[in-house]
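The exercises below are to be worked with the sequence and the model open side by side. Each task is followed by a solution in steps.

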Amino acid sequence: KKNPSEYGSLMETLYTLKEKGAGNTNLLAVPRAALTRQNQVAHQLAFDSVFLRIKQQLLLVSKMECWNCAGTGETLTDDLPTFSLTPLEYISNIGQYIMSLPLHLEPFVTQEDPALEMALHAGKLPYPPEQGDELPELDNMADYWLGSIARATMQTYCEVILHIPELTAHSTKQLATDIDYLMNVMDALGLQASRMLQHIVTLLKTKPEEYRQIAKGLPRRLASNIAAMRNLDY
């Protein structure tokens with residue numbers, strides 16, 4: 001009360017909070033904005049840390065020598081059923097890692113911590129769902145994080161696949177097997193495979209003589225890229 005001006009301002013603020021609530025004032029607007037930014041930085045750092053292991057594996061995909069190597073008797077593998085192939089180590093490692101994530105994420109959303117819950121809901125993650133996708137994951141923070149990691153994995157996978165210089169008949173089937181494995185992992189976790197990944201595996205599985213017809217209903221640029229990788233006339 002020694003300073004009437006400051007005291008009056010304080011009483012006015014308290015009255016406003018009492019009558020209108022904190023949501024209708026600009027009280028603490030600057031520190032609140034700073035805290036929001038800091039929370040977002042923390043979210044991005046946590047996401048990058050979780051995704052790093054997957055990203056490191058994926059960045060090696062386009063450089064793998066197996067894509068331009070013929071299988072055992074390339075002419076024989078033309079008729080080899082895809083179920084006789086097994087996923088390569090890189091995609092098996094990624095799949096196992098993604099399958100382990102729910103166990104690591106669940107403790108953060110099951111503990112009763114109002115501050116942590118508020119921070120998780122306030123932060124935004126990269127790789128949002130595709131337009132038109134169902135979003136049951138938004139009801140559960142662990143599912144929300146898992147969905148974001150899964151979409152990052154699929155988008156990055158698609159990008160590195162399109163940087164593979166060339167595919168033999170055998171490696172085309174091998175890559176399709178790898179993609180099928182990842183899509184099965186997503187399905188087991190209740191997640192949707194991205195449309196781009198579905199398009200790619202469709203084009204990889206399409207027989208050369210049917211490629212032009214099947215490609216008509218898919219993105220033209222993608223179809224051209226896959227055709228070039230497979231050395232198909234398109």
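**Exercise 1. The end of helix 10**

Which residue just after helix 10 takes a positive phi, and of about how many degrees?

Solution. The model is a predicted one. Step 1: locate helix 10, which spans residues 220–230. Step 2: go to the position just after helix 10, where Asn-231 has a positive phi of about 60 degrees.

**Exercise 2. The two sides of helix 10**

Sort residues of helix 10 into buried and exposed, and state how the buried ones are arranged around the axis.

Solution. Step 1: apply the cut-offs, under 20% relative accessible area for buried and over 50% for exposed. Step 2: the buried residues of helix 10 are Leu-222, Ala-223, Ile-226, Ala-227, Met-229 and Arg-230. Because these residues cover an arc of only 160 degrees around the axis, they lie on the same side of helix 10. Step 3: recall that an α-helix has 3.6 residues a turn, so residues three or four places apart point the same way. Step 4: Arg-220 and Arg-221 are exposed, on the other side of helix 10. Step 5: Asn-225, also in helix 10, has 32% relative accessibility and therefore counts as partly exposed. The C-alpha atom of Asn-225 is separated by 7.0 Å from that of Leu-162, although their positions lie 63 residues apart along the chain.

Step 6: identify the cover. The buried residues of helix 10 are covered by elements including helix 6 (141–161), helix 7, helix 8 (195–205) and helix 9 (211–215).

**Exercise 3. A serine in helix 7**

Determine whether Ser-171 is buried or exposed, and what it touches.

Solution. Step 1: Ser-171 belongs to helix 7, residues 169–188. Step 2: the relative accessible area of Ser-171 is 1%, so this residue is buried. Step 3: leaving out residues up to four places away in sequence, Ser-171 touches Cys-66 and Trp-67. Step 4: look at the polar atoms; one in the side chain of Ser-171 lies 2.6 Å from the backbone oxygen of Trp-67.

**Exercise 4. Charged pairs**

How many salt bridges does a search of the whole structure find?

Solution. Step 1: the search finds one. Step 2: the partners are Lys-205 and Asp-180, whose side chains meet at 2.8 Å, N to O. Step 3: place the partners, Lys-205 in helix 8 and Asp-180 in helix 7; they are 25 residues apart, and the pair links distant parts of the chain. Step 4: check accessibility. Lys-205 has 47% relative accessibility and so counts as partly exposed. Asp-180, with a relative accessible area of 25%, is therefore partly exposed as well.

**Exercise 5. A surface patch and the whole chain**

Find which residues form a nonpolar patch on the surface, then describe the protein chain as a whole.

Solution. Step 1: the patch consists of Tyr-7, Leu-10, Met-11 and Leu-14, with about 350 Å² of accessible area together. Step 2: take one member, Leu-14, which lies in helix 1 (residues 4–20). Leu-14 has 44% relative accessibility and so counts as partly exposed. Step 3: turn to the chain, which has ten helices and zero strands. Step 4: of its 234 residues, 34% count as buried. The accessible surface of the protein chain is about 14,800 Å², and carbon and sulfur atoms hold 55% of that surface. Step 5: among contacts with a separation of 6 or more, 70% are between residues 24 or more positions apart.

Technical notes:
Residues numbered from 1 in each chain as written. Predicted model: local features only at pLDDT ≥ 70, side-chain atom pairs only at ≥ 80, totals over all residues. Heavy atoms only, no water. Helix = DSSP H or I, 4+ residues; strand = E, 2+ residues; numbered from the N terminus. Buried < 20%, exposed > 50% of the residue type's maximum accessible area, 1.4 Å probe, protein only. Contact = heavy atoms within 4.5 Å. Areas by Shrake-Rupley, 256 points an atom, 1.4 Å probe, with all protein chains shown as cover. Patch = residues over 30% accessible without salt bridge, like charges linked within 9 Å, V, L, I, M, F, W, Y side chains within 5 Å. Salt bridge = Lys/Arg side-chain N within 4 Å of Asp/Glu carboxyl O. Polar contact = N/O pair within 3.5 Å; in protein donor to acceptor, adjacent residues only side chain to side chain. Arc of directions from axis to C-beta.
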